[in-house]
Amino acid sequence: MMVSTDPMHQFKIGKLFDLKLGDLDISFTTSALWMVIGVLLLIGFLALATSKTSTVPGRMQSLAEIWYGFIAGIVKDVNHAPGKPFVPLVFSLFSFIFIANLIGMFPYFLTTTSHIVVTGFMALFTISLVIVVGVMKKGFGFLKIFVPSGVPFVLLLIVTPIEIISFLSRPISLGMRLFANMLGGHVALKVFAGFVPSLAVALGGIGMLMGGVLVMPLIVGVTALEFLVAFLQAYVFAMLTCVYLNDALGEAH
Amino acid sequence: MQGLNFVGAGLACLAMLGAAIGVGNIFASYLDGAMRNPSAAPAQFGNLIFGFAVTEALGIFGFAIALILIFAAPGA
């Protein structure tokens, strides 16, 4: 008997109903459904938490305040005063990624952030924003980020191409990081979980018992680690957005 | 020559070795510094995560090459 324990099956996206825009396929998929659910959860929670605001915050309100204060703190630490208009953007990015990662931790729910089309778009959007803001604020002076000051001319011939390559690889690494972490973590979870049926098939009842006793603590541990990664990757994305925005906002380095 | 793609994908996983050494170094150095001057440690947490993320990216480039070799290689 073969037990199907395909770890990639969980990432399959299904169509809920068909939509066509000319030749473009814009069908409403399960991925879109989970993103909508995530956004609705976020809006619902934040609206509920801020509906009855008081000077001494209740439980819901203080959670929302800590959440917002955490992101505002990152932006303040990295970008200082010029970063203030970008707090809502970074807050939205962080919250969306965090809620999508958390939704993905539930069995049978789809992890939308484990698809590079989602994370890649967010990364491209972030870098495009940096370029637009940089050009608006500094004009051609924005190109100075490729020419570090205080470097001898001979070294500049080497440093400038490296700076350009490093700038161009940012959207790739930003999108790939979130995608690869979520994909890798969920594949690892499913592979470990697949040990149980494999053992059961190989050894019968004893295998099932062994799988339960040996593998279960392992899965619990990896799941706890995945919750940490879910938060950490959202934090890293928010932080890198701030750091990259600093190129557009801050002083030339 | 399909099989060689998989050999290449396996070799690309060596990027993990470098990323592992790098990430280990970053956290080790952070702990080293934090133990010497615990009061200065929280202010450097952002730098720690930034360094971790940038180092990890290099391992992820290896993962990307493995994915390309398996799913999108020109010869496959």
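The exercises below, each with a worked solution, concern a predicted model.

**Exercise 1. The largest nonpolar core**

Determine which residues touch the most other members of the largest nonpolar core, and which elements give two or more residues to this core.

Solution. Start with the membership: the largest nonpolar core has 38 residues. Within this core, the most other members are touched by A:Phe94, A:Ile97, A:Phe237, A:Ala238 and A:Cys242. Next, assign the core to elements. In chain A, two or more residues come from each of α2 (59-79), α3 (87-104), α4 (116-138), α5 (153-203) and α6 (205-249). Chain B takes part through α3 (45-71), which also gives two or more residues. The most is given by α6(A), with twelve residues.

Then take one member, A:Ala238. Leaving aside residues up to four places away in sequence, A:Ala238 touches A:Ile71, A:Ile74, A:Val90, A:Leu93 and A:Phe94.

**Exercise 2. α5(A) against α6(A)**

Find the angle at which the axes of α5(A) and α6(A) cross, and classify the pair as roughly parallel or roughly antiparallel.

Solution. The two axes come within 9 Å and cross at roughly 175 degrees. Angles over 145 degrees count as roughly antiparallel. α5(A) and α6(A) are therefore roughly antiparallel to each other. As a last step, sort the residues of their contact by class: 24 are nonpolar, seven polar and three charged.

**Exercise 3. α2(A) against α6(A)**

Describe how α2(A) and α6(A) cross, and list the residues that make the contact.

Solution. The axes of α2(A) and α6(A) come within 9 Å, and the crossing angle is roughly 35 degrees. The crossing in which α2(A) passes α6(A) is right-handed. On the α2(A) side, the contact is made by A:Ile71, A:Ile74, A:Val75, A:Val78 and A:Asn79. On the α6(A) side, the residues are A:Ala238, A:Met239, A:Cys242, A:Val243, A:Leu245, A:Asn246 and A:Leu249. By class, this contact of α2(A) with α6(A) holds ten nonpolar and two polar residues, with no charged ones.

**Exercise 4. Two residues with positive phi**

Locate A:His80 and A:Tyr108, and decide for each whether the residue is buried or exposed.

Solution. A:His80 is not a glycine, yet its phi is positive, near 55 degrees. This residue lies in the loop between α2 and α3 of chain A. A residue counts as exposed if 12 or fewer other C-beta atoms lie within 10 Å of its own. A:His80 has 12 C-beta neighbours inside 10 Å, so A:His80 counts as exposed.

A:Tyr108, also other than glycine, has a positive phi of about 75 degrees. The loop between α3 and α4 of chain A contains A:Tyr108. With 5 other C-beta atoms within 10 Å, A:Tyr108 is exposed.

Terms used: Residues numbered from 1 in each chain as written. Chains lettered and ligands numbered in written order. Predicted model: local features only at pLDDT ≥ 70, side-chain atom pairs only at ≥ 80, totals over all residues. Core = buried A, V, L, I, M, F, W, Y, C linked by C-beta atoms within 7 Å. Buried ≥ 20, exposed ≤ 12 C-beta atoms within 10 Å, placed from the backbone. Helix = DSSP H or I, 4+ residues; strand = E, 2+ residues; numbered from the N terminus. Contact = placed C-beta atoms within 7 Å. Axes fitted to C-alpha atoms, helices over the stretch in contact; angles between N-to-C directions. Parallel < 35°, antiparallel > 145°, perpendicular 65-115°, else oblique. Nonpolar A, V, L, I, M, F, W, Y, C, P; charged D, E, K, R; others polar. Left-handed = near helix turned anticlockwise from the far one by under 90°.
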